[in-house]
Amino acid sequence: ESQMTTASDGYGQIVAPAEVRFERLLPGPIETVWEFLTDAEKRGEWLASGPMELKVGGKVKLAFKHADLSPHKAPAPEKYRNLDAKGHESNHEITQIDPPRLLAMTWPKSSEVIFELKQQGSQVLLTVTHRRLASREEMIDVSGGWHTHLDILVERANGRTPPAFWIVFGDIEQAYEKRYPRD
C-alpha cells in the first residue's frame, strides 16, 4: 500500500526507524537515468556535480549549488541563505554498485543513500532510500531536500526547465513536519 502512495504523491515515506524512501517514475531507458546519477554534468542538473569513481570504495565529491539547478532564480529561506550563496561540497564513498540498477554511497553524518532503478515498460522507477538518519529532525531535513531534488530530476528527465530550487522547495519541510510522527 505505502509503495503506491509514494509513487503517486511524491512524498517520502518512513519505511523503517531512521529510514526514508522516495519513488519517482522517469522516462527510460534505464541507462539514461543511470547517467543522471553517475555523470557529473547530468547529476549537476538536478543534484550536485563532481567526480565519482564508479566502484565499491570509490570516492565521490558532490558540489552543491542550488541556485544553478535552474535558470530561474529565487532567494533561499533564511535557514539556508549561507549555504546557497557559496554552495557547499561534501565527500562520499560508494558502498554498493551494480550498473545500471543500483548505486549506494555514504552520506555525511554517517548515513547512507541507496539509488535503485527498475525498468517499468518505457519508464524507469527510481527508488531513493536514505537510511541511518540520526533523528526526526534529520529525517525532515533530508526529506525536504530529496523531495525537491527529485522533483527537479523529473523535470530534467522530461526535457523541461525546472522552476528555481527554492520555489520547488517551498513549504516542503512544513509538510514533512506534519507527516512524520513525533515519538
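**Entry 1: the cut-off I keep using**

Buried means under 20% relative accessible area, exposed means over 50%, and partly exposed is what falls in between. I am working on a predicted model, so none of what follows is from the bench.

**Entry 2: Arg-132 and its partner**

I began with the salt bridge between Arg-132 and Glu-112, where the closest N and O atoms sit 3.6 Å apart. Where in the fold are the two partners, Arg-132 and Glu-112? Arg-132 is in the loop between strand E7 (123–131) and H5, while Glu-112 is in strand E6 (residues 111–120), so the bridge ties together parts that are 20 residues apart in sequence. Next I checked cover. Arg-132 has a relative accessible area of 44%, so I call Arg-132 partly exposed. Glu-112 comes out at 4%, and since that is under 20%, Glu-112 counts as buried.

On the same page I noted a network: Lys-79, Asp-141 and Glu-173 are joined into one by salt bridges that share partners.

I went back to Arg-132 for its backbone. Its phi is near 65°, a positive value in a residue that is not glycine. For context, most residues other than glycine have a negative phi.

**Entry 3: other salt bridges**

How many salt bridges does a search of the whole structure find? The search gives 13. I wrote down two others from the list.

- Arg-21 pairs with Glu-19, with 3.7 Å between the closest N and O atoms. Arg-21 is partly exposed because its relative accessible area is 21%. Glu-19, at 17%, counts as buried because that is under 20%.
- Arg-101 pairs with Asp-98, with 3.4 Å between the closest N and O atoms. Here I get 44% for Arg-101, which means partly exposed. Asp-98 has 32%, so Asp-98 is partly exposed too.

**Entry 4: helix H5**

I wanted to know whether the length of H5 makes sense. H5 covers residues 136–157, which is 22 residues. The expected span is 1.5 Å times one less than the number of residues, so H5 should span 32 Å. I find its end C-alpha atoms 31 Å apart, which agrees.

Is H5 mostly covered or mostly open? It is mostly covered, as 16 of its 22 residues are buried. I looked up Ile-140 as one residue of H5. Ile-140 has a relative accessible area of 7%, and that is under 20%, so Ile-140 is buried. I also took a distance from Ile-140 to Pro-77: their C-alpha atoms are 16 Å apart, with the two positions 63 residues apart along the chain.

What follows H5? I find Gly-159 there, with a positive phi near 75°.

**Entry 5: cis peptide bonds**

Most peptide bonds are trans, so I noted two that are not.

The bond from Gly-28 to Pro-29 is cis, with omega near 0°. Pro-29 sits in the loop between strand E2 (19–27) and H2.

The bond joining Pro-99 and Pro-100 is cis as well, with omega about -10°. I place Pro-100 in the loop between strand E4 (88–98) and strand E5 (102–107).

**Entry 6: Ala-18**

Ala-18 also has a positive phi, near 65°, and is not glycine. I find Ala-18 in the loop between strand E1 (13–16) and E2. Buried or partly exposed? At 23% relative accessibility, Ala-18 is over the 20% cut-off for buried, so I list Ala-18 as partly exposed.

**Entry 7: a negative patch**

Which residues form the negative surface patch? I have Glu-31, Glu-35, Asp-39 and Glu-41. I followed up on Asp-39, which is in the loop between helix H2 (30–38) and helix H3 (40–43). A patch residue has over 30% relative accessible area and no salt bridge. Asp-39 comes out at 31%, so Asp-39 is over that 30% limit and counts as partly exposed.

**Entry 8: Ala-85**

Last lookup. Ala-85 belongs to helix H4 (residues 81–86). Ala-85 has a relative accessible area of 60%, and that is over 50%, so Ala-85 is exposed. From Ala-85 to Pro-75 I get 9.5 Å, C-alpha to C-alpha, for two residues 10 apart in sequence.

Technical notes
Residues numbered from 1 in each chain as written. Predicted model: local features only at pLDDT ≥ 70, side-chain atom pairs only at ≥ 80, totals over all residues. Heavy atoms only, no water. Patch = residues over 30% accessible without salt bridge, like charges linked within 9 Å, V, L, I, M, F, W, Y side chains within 5 Å. Areas by Shrake-Rupley, 256 points an atom, 1.4 Å probe, with all protein chains shown as cover. Salt bridge = Lys/Arg side-chain N within 4 Å of Asp/Glu carboxyl O. Lys, Arg positive; Asp, Glu negative; His and termini not counted. Charge placed at Lys NZ, Arg CZ, Asp CG, Glu CD. Helix = DSSP H or I, 4+ residues; strand = E, 2+ residues; numbered from the N terminus. Buried < 20%, exposed > 50% of the residue type's maximum accessible area, 1.4 Å probe, protein only.
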